[in-house]
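Hi,

Here is the structure I said I would pass on. Have a look at it first, and then read on for what turned up in it.

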Amino acid sequence: MDVSRRDLLRLSVAGGAGTALGGLIASGVDLAPTVVKAQQLRIRDARITPSVCPFCAVGCATLVHTVNDQIVNIEGDPRSPHNEGTLCPKGAATFQLHINPSRPVQVLHRAPGAADWEVWDLNRAMDRVAELVKTTRDDTFIERLANGKLVNATTAIFSLGGATLDIEFNHIHQKLLRGLGIVAIENQARI
Ligand code: SF4
């Protein structure tokens with residue numbers, strides 16, 4: 001049987017109305033208080049820690065709820081004068097920065113020309129990155145331009161940062177990269 005978009009909507013509504021929930025909704029019962037109560041139960045005994053959304057320069061204030069040192073919820077802080085308890089969809093997903101079973105937790109390396117990924121020990125990966133940075137920097141470092149202008153730079157290495165890198169990381173990162181002569185440094189938060 002072909003089911004059009006309109007048929008699907010009609011069948012969904014009919015199916016919903018056939019359930020206990022659908023029956024309640026159809027009879028005009030206001031479920032809002034129940035939903036609010038369920039949300040409150042989830043964080044009733046949680047410890048609340050004020051924090052800031054890491055994603056952009058708006059810096060929306062958040063409240064982080066923890067139970068036994070585990071994050072159970074992150075939401076906007078209603079006391080904040082500029083976000084007033086709200087978060088954009090990205091900020092509202094901050095919880096998944098911490099709790100996310102889909103997040104890779106191992107270093108994966110795919111050698112040039114290889115079809116498969118190999119799991120690397122973190123120290124091995126860090127050593128390899130340092131080795132390649134050193135080699136590339138030494139091979140491409142320019143002390144002076146052709147006109148004699150002192151530049152002490154390499155344009156062979158580029159650094160691209162993400163919005164969730166915090167200010168402390170960026171501060172150290174800048175010092176390291178500028179010290180190496182790297183000039184192409186980009187980060188969503190701008191530096
Ligand atoms: S909630 Fe959205 S607007 Fe607010 S700081 Fe986070 S990313 Fe920026």
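The second largest pocket lies between the two domains, because domain 1 (44–103) and domain 2 (107–190) both give residues to its lining. Before you read too much into that, keep in mind that this is a predicted model. The space in this second largest pocket comes to about 170 Å³. Eleven residues line it, and those that lie nearest its centre are Cys53, Pro54, Cys56, Ala163 and Leu165. Sorted by class, the lining of the second largest pocket has nine nonpolar residues, one polar and one charged.

Two of those names come back around the ligand. Cys53 and Cys56 are both among the residues around the ligand, and both are also among the residues nearest the centre of the second largest pocket. The rest of the shell around the ligand is Phe55, Val58, Gly59, Cys60, Leu87, Cys88 and Gly91. That shell divides into seven nonpolar and two polar residues, with no charged ones.

Now the overall picture. The chain has 191 residues, of which 19% count as buried. It holds seven helices and eight strands. If you take the contacts between residues at least 6 apart in sequence, 32% of them join residues at least 24 apart.

Next, the largest pocket. Which parts of the chain supply at least two residues each to its lining? They are helix H6 (122–140), strand E7 (150–161) and helix H7 (167–180). About 260 Å³ of space lies in this pocket. Its lining is made up of Met126, Val129, Ala130, Val133, Ile157, Phe158, Ser159, His173, Leu176, Leu177, Leu180 and Ile182. By class that gives ten nonpolar and two polar residues, and no charged ones.

One residue of that lining, Ile157, is a good place to zoom in. Isoleucine 157 sits in strand E7. Its relative accessible area is 15%, so it is buried, the cut-off being under 20%. Not counting residues up to four places away in sequence, isoleucine 157 touches Val133, Thr136, Arg137, Ile182 and Ala184. Of these, Val133 and Ile182 also line the largest pocket. Isoleucine 157 and isoleucine 182 are 25 residues apart along the chain, yet their C-alpha atoms are separated by 6.4 Å.

Strand E8 (residues 182–187) has a residue worth a look too, isoleucine 185. With 17% relative accessibility, isoleucine 185 counts as buried. Its contacts, leaving aside neighbours within four places in sequence, are Ser159, Gln174, Leu177 and Arg178. Serine 159 is 26 residues away from isoleucine 185 in sequence, but the C-alpha to C-alpha distance is 4.8 Å. Ser159 and Leu177 are also part of the lining of the largest pocket.

Over in domain 1 (44–103), try histidine 65. Is it buried or exposed? Histidine 65 counts as buried, because its relative accessibility is 3%. It lies in strand E2 (residues 61–67). Beyond its neighbours within four places in sequence, histidine 65 is in contact with Ile43, Ala46, Arg47, Ile48, Gln70, Ile71, Val72, Asn73 and Glu75.

Ile48 from that list can be followed up. Isoleucine 48 is in strand E1 (residues 47–52). Besides His65, isoleucine 48 is in contact with Leu63 and Val64, again leaving aside its neighbours within four places in sequence. Isoleucine 48 and isoleucine 71, both contacts of histidine 65, are 23 residues apart in sequence and 9.8 Å apart in space, C-alpha to C-alpha.

Last, two backbone oddities. Most residues other than glycine have a negative phi. Aspartate 69 has a positive one, near 65 degrees, and glutamate 84 has a positive one as well, near 45 degrees. Aspartate 69 is found in the loop between E2 and strand E3 (70–76), while glutamate 84 is in the loop between E3 and helix H4 (89–92). Aspartate 69 counts as exposed at 68% relative accessibility, and glutamate 84 is exposed as well, with a relative accessible area of 59%.

Happy browsing!

Methods. Residues are numbered from 1 along each chain as its sequence is written. This is a predicted model: local features need pLDDT of at least 70, side-chain atom pairs count only at pLDDT 80 or more; totals for chains, interfaces and linings use all residues. Side-chain values use heavy atoms; hydrogens and water are left out. Helices (H or I, at least four residues) and strands (E, at least two) are DSSP runs, numbered from the N terminus. Buried means under 20% relative accessible area, exposed over 50%, partly exposed in between (1.4 Å probe, protein chains only). Contact means heavy atoms within 4.5 Å. On a 1 Å grid over the protein atoms alone, a cavity is a set of points where a 1.4 Å probe fits but cannot get out, and a pocket is an open set with protein on both sides within 12 Å along at least five of seven lines; lining residues have an atom within 4 Å of a point. Grid points are joined across faces, edges and corners, and a volume is the space filled by probe spheres set on the points. Ala, Val, Leu, Ile, Met, Phe, Trp, Tyr, Cys and Pro count as nonpolar, Asp, Glu, Lys and Arg as charged, and the others, Gly among them, as polar. Domain bounds come from an automatic or database domain assignment. A residue is near a molecule or strand if one of its heavy atoms lies within 4 Å of it.
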